[in-house]
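Thanks for coming. I will go through one model this morning, starting with single residues and ending with how the chains meet.

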Protein chains: 2
Amino acid sequence: MRRIRLTVAYDGTNYHGWQIQPGVVTIESVLNEALRDLFGEEIQVIGASRTDSGVHARGNVAVFDTESRMAADRVCFALNQRLPQDIRVQDSCEVPLDWHPRKQRCVKTYEYKILNRRMELPDARLYTYFYYYNLDLEQMRRGAAYLLGEHDFKSFCSARTQIEDTVRTIYSLEISRNQEDVVTIRIKGSGFLYNMVRIIVGTLLNVGNGHTEPQEVLRILEARDRREAGPTAPAKGLTLIGMEYEKTP
Amino acid sequence: MRRIRLTVAYDGTNYHGWQIQPGVVTIESVLNEALRDLFGEEIQVIGASRTDSGVHARGNVAVFDTESRMAADRVCFALNQRLPQDIRVQDSCEVPLDWHPRKQRCVKTYEYKILNRRMELPDARLYTYFYYYNLDLEQMRRGAAYLLGEHDFKSFCSARTQIEDTVRTIYSLEISRNQEDVVTIRIKGSGFLYNMVRIIVGTLLNVGNGHTEPQEVLRILEARDRREAGPTAPAKGLTLIGMEYEKTP
């Protein structure tokens, strides 16, 4: 038996998120089917991040165990031939049998993209959130600065979850605008609560449009109350860029 | 009666090109329907560029005539509410009744995007042509230099057309690579023959991968024979960026 690690990119538009659920198509179910087809074994991947419905990925991580002796670095190519075009495994390698993608310390990077202009653009509609109103990026950066470091992010966690430890660390939060009117918010952290990135984005958009003063972000953080933060920004603007593990085997 | 000019962006993926044809959905037919719905008149747009099936646009131009008195600069907003998400009118203005988008001298700009890396990326699949092999951009630029200026581009015109005057002018041809492994070929010209941009791209890809020497592009141009040029690159990598009219009313 061997354990293989996959780096998986996908367009989340047509999937009900990562995790298997009855009656709907998910990234996990499609990967399991393609692996069963490739190796003729019953295979169940373990994913690092259970992305929500509509969220995209450039580098989610998954492992699976197999009896197959196929060269580990060829698995990605063989698998891509059995996957739909909106899922593409970027690479594959062998890892120790006890390497688990959710039980290692790692840094996760997310990007949230906002199309900020007068008119929507058809080719950006699936991967950006369209936002008509002017955004002041300097104000957004001032607000974002309060979120850097280790904090209790309870205000930025969906009230629907009952997780107890809501302390997380944000290592960096960069906001930039490109020539195509796309504002990108790039966040690196030690792990994220449910909807945390999207609630941070919704809050920073309120800062960018002048509705919330940058220093209010500190008050929101300290309130430890989801109702104080801004709205949850739509899933389609969010992409899980990748995970860096401390101990890469 | 007034004439309104539209600047139209679209994702060509789900359309059989611009021009109305029986039994299929085209950009032109969808625009006509939305205009009929908006103004209650039978309206027929006249397009500047009849883009092919699968080709995208950021700035195609169209005009139509109407009895309506709606403020010309509001037409784009009202129209977008009646259009599918993959077509978005970027702006609208009034022009003289005799202003015709194909009977004015203009400069057209096209971009062709190539995803040049080891693995496909799901979110680039609709707007780029995936190309695995290494591309030498310096060699491609040397080859492209022979195409600048006024030439007979018969070798770069689909053999299926019977157009007589195949002389056109290319004002600029820029090739660049961004951090996301996307190679962009940007061409400005006085008008383009059928499939001309896509055949130029197919020829330059052969130069980039080492199959064709840059100076061969001169021989291909002088041959005035479609069979000497490279293959026609796929439609999905091509976007009509815009048109600049000499006399903008």
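P231(A) is exposed, since 12 other C-beta atoms lie within 10 Å, and a residue counts as exposed at 12 or fewer. This is a predicted model, so please take what I say about P231(A) and everything after it in that light. P231(A) sits in the loop between helix 5 and strand 10 of chain A, strand 10 being residues 238-245. Its C-alpha atom is 9.2 Å from that of L205(A), and 26 residues separate the two along the chain.

The second residue is L121(A), in the loop that joins strand 5, residues 106-115, to strand 6, residues 129-130, of chain A. Is L121(A) buried, exposed or partly exposed? L121(A) has 19 C-beta neighbours inside 10 Å, so it counts as partly exposed; 20 or more would make a residue buried. Leaving aside residues up to four places away in sequence, L121(A) touches L115(A), and from the other chain A9(B) and R88(B). Between the C-alpha atoms of L121(A) and F156(A) the separation is 30 Å, with the two positions 35 residues apart in sequence terms.

Now a helix. Which residues of helix 3 of chain A, residues 137-145, are buried? They are M140(A), G143(A) and A144(A). Viewed down the helix axis, these buried residues fall within an arc of 100 degrees, so they line one face of helix 3. As a reminder, an α-helix has 3.6 residues a turn, so residues three or four places apart point the same way. The buried residues of helix 3 pack against three elements of chain A: strand 8 (167-177), helix 4 (196-208) and helix 5 (216-223).

Next, some strands, and here I switch to chain B. Strand 7 of chain B, residues 149-152, pairs with strand 8 of chain B, residues 167-177, in the antiparallel sense, over four bridges. Within chain B, G149(B) stands opposite I170(B) of strand 8. Strand 8 of chain B is also joined to strand 9 of chain B, residues 182-189, by seven bridges, and these two run antiparallel as well. S176(B) has T184(B), in strand 9, as its bridge partner. Four residues lie between the strands of this hairpin of strands 8 and 9 of chain B, and in it D181(B) takes a positive phi near 65 degrees.

On to domains. Chain A is divided into domain 1, residues 2-103, and domain 2, residues 106-244. The C-alpha centres of these two domains of chain A lie 27 Å apart. Across the boundary, 15 residues of domain 1 of chain A are in contact with eleven residues of domain 2 of chain A. The domain 1 side of that contact has four nonpolar, eight polar and three charged residues.

Last, the contact between the chains. Chain A and chain B each put in 16 residues. On the chain A side, the elements that give two or more residues are strand 1 (2-10) and strand 4 (87-95). Strand 4 of chain A gives the most, with three residues. By class, the chain A side has seven nonpolar, three polar and six charged residues.

How are the two copies related? A rotation of 180 degrees, with 0.0 Å of shift along its axis, superposes chain A on chain B at an RMSD of 0.0 Å. The copies are thus related as by a two-fold rotation axis. Of the interface residues of chain A, 100% are also interface residues in chain B, so the copies meet through the same surface.

How values were computed. Residues numbered from 1 in each chain as written. Chains lettered and ligands numbered in written order. Predicted model: local features only at pLDDT ≥ 70, side-chain atom pairs only at ≥ 80, totals over all residues. Pairing = 2+ DSSP bridges. Contact = placed C-beta atoms within 7 Å. Nonpolar A, V, L, I, M, F, W, Y, C, P; charged D, E, K, R; others polar. Domains from an automatic or database assignment. Arc of directions from axis to C-beta. Least-squares fit on C-alpha atoms with pLDDT ≥ 70 in both.
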